[in-house]
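Please open the model in your viewer and keep the sequence panel beside it, so that residues can be selected by number as the tour proceeds.

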Amino acid sequence: MLIYFNGKFVKKEMARVSVFDHGLLYGDGVFEGIRSYNCLVFKLKEHIDRLYASAQGISLKIPMNKQQMQKAVIDTLKANRLKDAYIRLVVTRGEGDLGLDPRNCVKPTIFIITDKIALYPQELYKKGLTIVTVPTRRNIPEAINPQIKSLNYLNNILGKIEAINAGVPEAIMLDQSGFVTECTGDNIFMIKNKELMTPPAYAGILNGITRSCVLDLAPQSGLKPKECMMTRFDLFNADEVFLTGSAAEIIPVVKMDSRLIADGKVGPYTLKLIENFRKLTKKEGARYAL
Ligand code: PMP
């Protein structure tokens with residue numbers, strides 16, 4: 001496996017960051033999780049735009065432009081001869097000293113890992129997930145804005161630990177007022193009376209790229225898209241619930257906090273959205289040849 005590391009390709013064993021890297025010492029950095037499907041990097045431009053927006057959010061100047069970054073992603077896939085992959089693109093503040101001051105980090109560390117993805121087991125896409133709401137609240141935007149996809153994922157990891165302790169793979173995180181935000185690594189949607197609803201970006205969520213695709217697919221799937229605040233009670237009484245993410249794609253939820261969602265089966269609109277999303281992954285993105 002070859003890793004893109006600061007402009008060069010190195011073997012996995014040789015790809016090492018310094019213990020003084022502020023990405024490691026302080027979670028000071030940003031990242032992206034991207035997919036490629038049959039030599040098409042899905043929504044690459046949108047992922048690169050979000051990476052640069054996250055970097056701007058933490059005042060991190062990435063020392064290459066967006067075109068160069070897109071090329072680096074594609075070159076890494078080619079170097080590893082991967083048609084289908086999960087791509088992890090990371091930019092840290094770089095190596096500094098033991099103080100917080102980012103000005104002591106002269107050069108950002110940039111690396112790209114391309115690998116196969118372990119999605120949820122295929123049967124869960126047919127049967128649906130069981131999830132719970134966890135006590136850890138999502139970061140408030142005024143502290144660490146969830147719209148910044150930063151290396152500081154401890155908030156999500158605390159939620160994930162609570163999900164695992166409850167015996168489920170994902171969990172809903174609420175905001176400070178008790179409104180639903182998102183899951184630890186996925187956005188959340190509900191369908192009720194042909195309306196497709198998800199919390200707005202300002203609700204303190206990551207503005208997911210899969211989320212945007214699904215909102216765009218609503219009309220052709222027979223649904224009216226709507227971004228609105230929602231409560232656990234709304235989800236308990238939804239017709240259908242599902243999660244979205246680059247790794248998970250669209251995964252149905254059939255049970256939440258011990259309540260079955262509708263009849264506890266994967267709903268027809270979720271299946272339609274999954275079908276339409278699959279079609280999109282065949283056409284929207286940056287193509288490459290091996
Ligand atoms: N929310 C969080 C917290 C995430 O980490 C992710 C990405 N795994 C998502 C939502 C989904 O975002 P995207 O569709 O852009 O992958």
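The tour starts at the ligand and then visits two groups of strands.

Bear in mind throughout that this is a predicted model.

**The ligand and its surroundings**

Select the ligand first, and note that it sits in the largest pocket. Now extend the selection to the shell around the ligand, which comprises 17 residues, the closest being Tyr-153, Glu-182, Ile-209, Thr-210 and Ser-246. If you colour this shell by residue class, you will find three nonpolar, nine polar and five charged residues. Two elements of secondary structure are worth highlighting here, since α6 (209-217) and β13 (240-245) each supply at least two residues of that shell.

Which residues place polar atoms beside the oxygen and nitrogen atoms of the ligand? Show Thr-210 as sticks, and you will see an N or O atom of its side chain 2.6 Å from an oxygen atom of the ligand. Move next to Ile-209, where a polar backbone atom is 2.7 Å from an oxygen atom of the ligand. Then display the backbone of Gly-185, one of whose N or O atoms lies 2.9 Å from a nitrogen atom of the ligand. With these contacts on screen, consider the surface as well: taken alone the ligand exposes 400 Å², and the protein buries 93% of that.

**Strands β10, β11 and β12**

Leave the ligand and select residues 187-192, which form β10, together with residues 195-198, which form β11; these strands run antiparallel and are joined by three bridges. To locate one pairing, pick Lys-192, whose bridge partner in β11 is Glu-195. Two residues lie between the strands of this hairpin, and Asn-193 takes a positive phi near 50°.

Keep β11 selected and add residues 224-227, the strand β12, which runs parallel to β11 and is joined to it by four bridges. Within this pair, centre the view on Leu-196, which stands opposite Pro-225 in β12.

**Strands β1, β2 and β6**

Now go to residues 2-5 and 8-11, which are β1 and β2, and which pair in the antiparallel sense over four bridges. Two positions let you follow the pairing: Ile-3 has Val-10 as its bridge partner in β2, and Tyr-4 stands opposite Phe-9. Where does the turn of this hairpin show a positive phi? Select Asn-6, which has a positive phi of about 45° in the turn, where two residues separate β1 from β2.

Finally, add residues 109-115, the strand β6, which pairs with β1 in the antiparallel sense over two bridges. The residue to click here is Phe-5, whose bridge partner in β6 is Phe-111.

Terms used. Residues are numbered from 1 along each chain as its sequence is written. This is a predicted model: local features need pLDDT of at least 70, side-chain atom pairs count only at pLDDT 80 or more; totals for chains, interfaces and linings use all residues. Side-chain values use heavy atoms; hydrogens and water are left out. A residue is near a molecule or strand if one of its heavy atoms lies within 4 Å of it. A polar contact is a pair of N or O atoms within 3.5 Å; within protein, one must be able to donate a hydrogen and the other to accept it, and residues adjacent in sequence count only if both atoms are side-chain atoms. Accessible areas come from the Shrake-Rupley method with a 1.4 Å probe; for residues, only the protein chains shown count as cover. On a 1 Å grid over the protein atoms alone, a cavity is a set of points where a 1.4 Å probe fits but cannot get out, and a pocket is an open set with protein on both sides within 12 Å along at least five of seven lines; lining residues have an atom within 4 Å of a point. A molecule sits in a cavity or pocket if more than half of its atoms lie within 2 Å of its grid points. Ala, Val, Leu, Ile, Met, Phe, Trp, Tyr, Cys and Pro count as nonpolar, Asp, Glu, Lys and Arg as charged, and the others, Gly among them, as polar. Two strands pair if DSSP finds at least two bridges between them.
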